[in-house]
Amino acid sequence: MPHFSTFSKWMTHLFAILATCLLLSLTAMEVQAATTTGNASNGASVWGKCVACHGGTPAGARFNAANASNVIDNAITNNFGNMMAGQSSLTDTERKDVAAYIGSLMSNTTSVSVPYNTATQFTIPNLVTGTGTFSSILTVTAPTKGAVTFSGTTATYTPTAGQSGSDTFTYNGIGSAGTSNLRTVNITIANPTPGSFTPQTGWWWNPSEGGRGYTIEQQGSKIFMAGYMYDASGRASWYAAGPAEISASVFTAPLTTYLGGQTLTGAFKATTGTANNGNISITFTNPTTGIITWPNGTTTAIQRYDIVTNGSTATIPNGTPQAGWWWNNSEGGRGFSIEIQNNTMFLAGYMYDNSGNPIWYASGPTAMTNSTTYQGTWQEYGNGQVLQGSFKAASVVNSNVGNITVTFTNATTGTLTLPDGRQIPLIRYTFQ
């Protein structure tokens, strides 16, 4: 049997081994928790002192995307391998803070808030090279609602005019220690201040709901809009709202069906009645996007419709016939929506069939014959999406309802030739 003093020494040694194992276990847990328990902001300050003293990142503590976790481990367990000769060691709190700072640089995702229509600078994590500085940046996936440029570790994101909402881009940092992991920057562009903009006049739609659309025009503080869609039988039908006030970028008005009016080639006939389908609301998020809230509470995102590629943002030449609502003021109850983009015209006529039901016809998009003349064919669509219904693709049910010619005398007046050859004067419809 061993002597008691020998046994005591053996037990002391055993406890020391157990204590060391326990300490190692706790240290491993600390490594895992450091990025959440430490204060990254304080850690950045401590790290800065290290860099200032050494004239750069301390040797052995240089990190990139591949070895940063080892540097965190060194920061917590070894005080950077006791590399700070002649200097006081970091406290436990300082080590955790530095670990949290390094952990924040390891993050693959950065989130940035950007004011509306305002270029914004921000610093991107510089975890890649021996000195902690990128020598170059490679944009992998470009943003879609703006543009990004880099100068050192400063990124400048410039949103495209009128854009808001979410955007994203990815990049790699390249330097002497290699290439960083793929980084993602999530951008949130603020909405404009309500009432600080005017929604664009012309055609609007939801790209996921082709076959139906909207004409929206604001004059002064009022909006008049119509939706072109289909009834339960599949017949093309239209609904109108306004003119009514827009306040803080929100337009609300009853959505009305008109009945019993003039046909495409018939003599003037006043409408005989209306039906109220409930209130419609449009919240405009910027001049080219908005959200419709239907009477049943469902919503549809809408945006400006490009008749031609980038047509809604193209410069409009002086003298171009104005986009918006047109009519013959002697034939109230029916009218026409007209828009020209890059010399290509798209128009619709809202009127009634022989039974007095609302119906619409469309023509175009077709290139103008010249700057003042449009020639095309009326077409009738059917079997598409109903009011407040799920998407259903529409089809052309009559590809040649008749010919149409519009001759403009200036930006606000013209003459429309109907399929039967009769001509009617057209002027801009004013409702403010």
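These exercises, each with a worked solution, walk through a predicted model of one protein.

Residues are numbered from 1 along each chain as its sequence is written. Local features need pLDDT of at least 70, side-chain atom pairs count only at pLDDT 80 or more, and totals for chains, interfaces and linings use all residues, while side-chain values use heavy atoms and leave out hydrogens and water.

**Exercise 1. The whole protein**

State how many helices and strands the protein has, and what percentage of its residues count as buried.

Solution.
- Step 1. The protein has 4 helices and 24 strands. Helices (H or I, at least four residues) and strands (E, at least two) are DSSP runs, numbered from the N terminus.
- Step 2. Of the 432 residues, 43% count as buried. Buried means under 20% relative accessible area, exposed over 50%, and partly exposed in between (1.4 Å probe, protein chains only).
- Step 3. Take contacts between residues at least 6 apart in sequence: 55% of them join residues at least 24 apart. A contact means heavy atoms within 4.5 Å.

**Exercise 2. Strand β14 and its partners**

Find the strands that pair with β14, and give the sense of each pairing.

Solution.
- Step 1. Start with strand β13 (residues 250-259). It is antiparallel to β14 (residues 273-286), with 9 bridges between them. Two strands pair if DSSP finds at least two bridges between them.
- Step 2. Pick out one bridge: F251 is matched with I282 in β14.
- Step 3. Go on to β15 (residues 289-293). It runs antiparallel to β14, joined by 5 bridges. Here T283 has I291 of β15 as its bridge partner.
- Step 4. Trace the connection. A hairpin of 2 residues links β14 to β15.

**Exercise 3. Two pockets**

For the largest and the second largest pocket, give the volume and the make-up of the lining.

Solution.
- Step 1. Fix the term. On a 1 Å grid over the protein atoms alone, a pocket is an open set of points where a 1.4 Å probe fits, with protein on both sides within 12 Å along at least five of seven lines; lining residues have an atom within 4 Å of a point. Grid points are joined across faces, edges and corners, and a volume is the space filled by probe spheres set on the points.
- Step 2. The largest pocket has a volume of about 420 Å³. Its lining holds 22 residues, with I316, P317, T320, P321 and I340 nearest the centre.
- Step 3. Strand β18 (residues 335-341) gives the most to this lining, with 3 residues.
- Step 4. Sort the lining of the largest pocket: 7 nonpolar, 12 polar and 3 charged. Ala, Val, Leu, Ile, Met, Phe, Trp, Tyr, Cys and Pro count as nonpolar, Asp, Glu, Lys and Arg as charged, and the others, Gly among them, as polar.
- Step 5. The second largest pocket has a volume of about 360 Å³. Among its 16 lining residues, Q163, T288, D306, S312 and T313 lie nearest the centre. This lining divides into 4 nonpolar, 10 polar and 2 charged.

**Exercise 4. Unusual backbone**

Locate the cis bonds at P243 and P365, and the positive phi values at N117 and N342.

Solution.
- Step 1. Recall the background: most residues other than glycine have a negative phi, and most peptide bonds are trans.
- Step 2. G242 and P243 are joined by a cis peptide bond, with omega about 0°. P243 sits in strand β12 (residues 236-247).
- Step 3. The bond from G364 to P365 is also cis, omega near 0°. P365 belongs to strand β20 (residues 358-367).
- Step 4. N117 has a positive phi, near 55°. It lies in the loop between β1 (109-114) and β2 (120-123). N117 is partly exposed, at 42% relative accessible area.
- Step 5. N342 has a positive phi, near 45°. Its loop runs between β18 and β19 (344-352). N342 is partly exposed, at 48%.
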